[in-house]
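Got your viewer open and a selection box ready? Let's take a walk through this one, stop by stop.

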Amino acid sequence: MDFSAAKAVRRRFPAFGMPVAFALTLAGAPLDASAAPVPYLDPARPVVERVEDLLARMSLDDKIGQMTQPERRSIAPAEVARFKIGSVLSSGGSAPSPNNARTWADMYDGFQRAALGTPLRVPMMYGVDAVHGHNNVVGATIFPHNIGLGATRDPALVRRIGAATAEEMTGTGVDWDFAPCVCVARDDRWGRTYESFGEVPGLPSGMTTLIEGLQGSRLGAGPTSVLATAKHYVGDGGTAGGDDQGDTRGSEAELRAVHLPPFREAVRRGVGSVMASYSSWNGVKLHGNRYLITEVLKRELGFSGFVVSDYNGIDQIDGEPGFTRAEVAAAVNAGIDMVMVPEKWRAFIDDLRAAVRAGEVPMARIDDANRRILAQKFRLGLFERPLADRRYLDTVGGAAHRALARRAVAASQVVLKNDDDVLPLDRDDEKIFVAGRSADDIGRQSGGWTITWQGAPGATTPGTTILEGIRRAAGRSRTVTYSEDGSGADPSYDVAVAVVGERPYAEYKGDRTDDLRLTGADLRTIARLRGADVPVVVVLVSGRPLDVTSELRHWDGFVASWLPGTEGAGVADVLFGTSAPSGRLPVTWPRSAAQEPINLGDGKRPLFPIGAGQTYDDDD
Ligand code: GLC
């Protein structure tokens, strides 16, 4: 089908969304312009009618294609058309090259035009992990990770962050966000602790406002509405030892009290998709747990969206590498509607077709999965506005979003120690010494899921480092000296700031079974500053609480900065008092790793309790 005509129409009516077929008609394409649009292409019709009309036109292979989600590197646009693929994803860091907003929009449109070239013209959805901004895209605004947003206790701010993220996604065409993670992190040794808004269900439940930010007041409410995903269902943050993808053990009452409430709230807010967890509950993998997915999530909670598997998640059901036809059948019969099968998507299609033909998966289950998926596509407006809305390209990394991120960074800082009011840094402080590997490093201050899956130290994307923020806040009247390892500090300085912490990581690569202590290099840096006999403020850039117990008494000030993202000036705003600190711990801070898991109400004596956080005295 010749899309140049549709492109011509779009150029004349860029913002005027319309079904492609209708657009082609206007452009004089060889469609019978007198025919009314077929029911499913008529946006005036109720979604349920459009779904039923389209479903009735679909073959088994059409339906199986809608349930299949390959990764972009393992499928060409022509194969998206040939196999009627319903969705494509970018896994963490999987980006076009060069990587910028415009190349993302071109990539998205390439896949979408292929999907629209199929006989039924069903648009595909494109999924990414935009978990703290549109974080795969170089130049995008990177917001604080969820643990920092939990420290803000500000659901309205989180909604605004979702809306900003959705704008940046819309400019690139990407219409599905595998976010928010509504996990309840119960053991800080877990590598995904920073993806949690907090250790008690009320925190992630409150922050499901991100869903409304992403989707709008309802899915498809506006031109920047994108599909949100509540993940990972259910109990991912409660595994024994904080073992990522491990086993959450306990009664159903405990699971319902701690881990289910954020999903109940996400469903209430109309989340369009839910992602199954890699983890198990009492030894049963969630990806094969029909009771929790179908009976509890879909029937009891009334979830009407669709459930997507995690990346190769169905492979884990039988505990053996790879997936079998039996696992495909078990996952779909458990209630998984779309399968994230990044590489072996052809085998998946063949296995599911064979399972249906053998009666192992009822056709009613296939139809239910398709009804759920198609309803979201209709609600999202994809049939009317299938291509990237390039009007929003300029929002990517734009000043407004960066200003919002800077406010979020400031609101997320938690001041845990402030002896002799060493903070805010005194306006009369003439000489400030800054040290630490995390002071001048966008990559470290952004953490995992930034440009690449694991994130990386270094100048990975445009932004303001914490040191740059300090320099700007100090102005010309004061001297700011930086030395990564602290060498050169001497008593001539009025104060020293050590910005230290963790290297970026994501998922299981961030699991820690060690002592959660600071690295030797960071401890040596701080010691050099102490040796200069000046007040020392430690700013910790980490995805979780670390064991600082034995060091804390030597520090004059201590700030938990979490993983602030690209707008490091927000940290300086608090250090200099431009913004009074308001952050409060979203998790309990342990005295040592030996206390883990340590949570509110468990009777253990932490270094700092959940909710701890100082502000500045009025006379500061
Ligand atoms: C990952 C994560 C999940 C993410 C998915 C796609 O393994 O578990 O959170 O959405 O794969 O990248």
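A search of the whole structure turns up 41 salt bridges. Keep in mind as you click around that this is a predicted model.

**Stop 1: a salt-bridge network.** Select R159, E212, E265, R268 and R269, and show their side chains. These five are linked in a network of salt bridges. Zoom in on R269 and E265: their closest N and O atoms are 3.4 Å apart. Are these two buried or exposed? R269 counts as buried because its relative accessible area is 17%, under the 20% cut-off. E265 is buried too, at 19%.

**Stop 2: two more bridges.** Now pick R391 and D389. They form a salt bridge, and the closest N and O atoms are 2.4 Å apart. R391 is partly exposed, with a relative accessible area of 45%, whereas D389 is buried at 14%. Next, go to K417 and D419, another salt bridge, with 3.5 Å between the closest N and O atoms. Here the lysine, K417, is buried at 12% relative accessibility, while the aspartate, D419, is partly exposed at 34%.

**Stop 3: a charge without a bridge.** Select E199, in the loop between β4 (176-177) and α9 (202-206). E199 is buried yet has no salt bridge. Which side chain of opposite charge is nearest to E199? That would be R186, 5.4 Å away; a salt bridge needs the nitrogen within 4 Å of a carboxyl oxygen, so this pair doesn't make the cut. To see what surrounds E199, leave out residues up to four places away in sequence and show its contacts: V184, A185, R186, P586, V587, T588, I598, N599, L600 and I610.

**Stop 4: the annotated domain.** Color residues 60-374. An unreviewed UniProt entry places the feature "domain: Glycoside hydrolase family 3 N-terminal" there. Over residues 60-374 the chain is 40% helix and 10% strand. Put a distance label on the C-alpha atoms at the two ends of that stretch and you should get 15 Å.

Then find A369, in helix α16 (residues 363-380). A369 is buried, with a relative accessible area of 0%. Add M67 to the selection: A369 and M67 are 302 residues apart in sequence, but their C-alpha atoms are 7.3 Å apart in space. Leaving aside neighbours within four places in sequence, A369 is in contact with M67 and D337.

**Stop 5: aromatic rings.** The structure holds 15 aromatic pairs. One of them is F111 with Y126, a tilted pair with 6.1 Å from centre to centre and 40° between the planes. The pair links distant parts of the chain: F111 belongs to helix α6 (residues 101-116) and Y126 to strand β3 (residues 125-128), 15 residues apart. Both F111 and Y126 are buried.

For a bigger group of rings, select W555, F558, W562, W589 and F608, which form one aromatic cluster.

**Stop 6: lysines over rings.** Where does the charged end of K231 sit? Show W449 as well: the charged end of K231 is over its ring, 5.8 Å from the centre. Finish with K431 and Y493, where the charged end of the lysine sits over the tyrosine ring, 4.2 Å from its centre.

Key:
Residues numbered from 1 in each chain as written. Predicted model: local features only at pLDDT ≥ 70, side-chain atom pairs only at ≥ 80, totals over all residues. Heavy atoms only, no water. UniProt positions renumbered as here; feature names shortened; annotations may be inferred. Helix = DSSP H or I, 4+ residues; strand = E, 2+ residues; numbered from the N terminus. Phe/Tyr/Trp six-rings, centres within 6.5 Å; stacked < 30°, edge-to-face > 60°. Buried < 20%, exposed > 50% of the residue type's maximum accessible area, 1.4 Å probe, protein only. Lys NZ or Arg CZ within 6 Å of the ring centre and 35° of its normal. Lys, Arg positive; Asp, Glu negative; His and termini not counted. Contact = heavy atoms within 4.5 Å.
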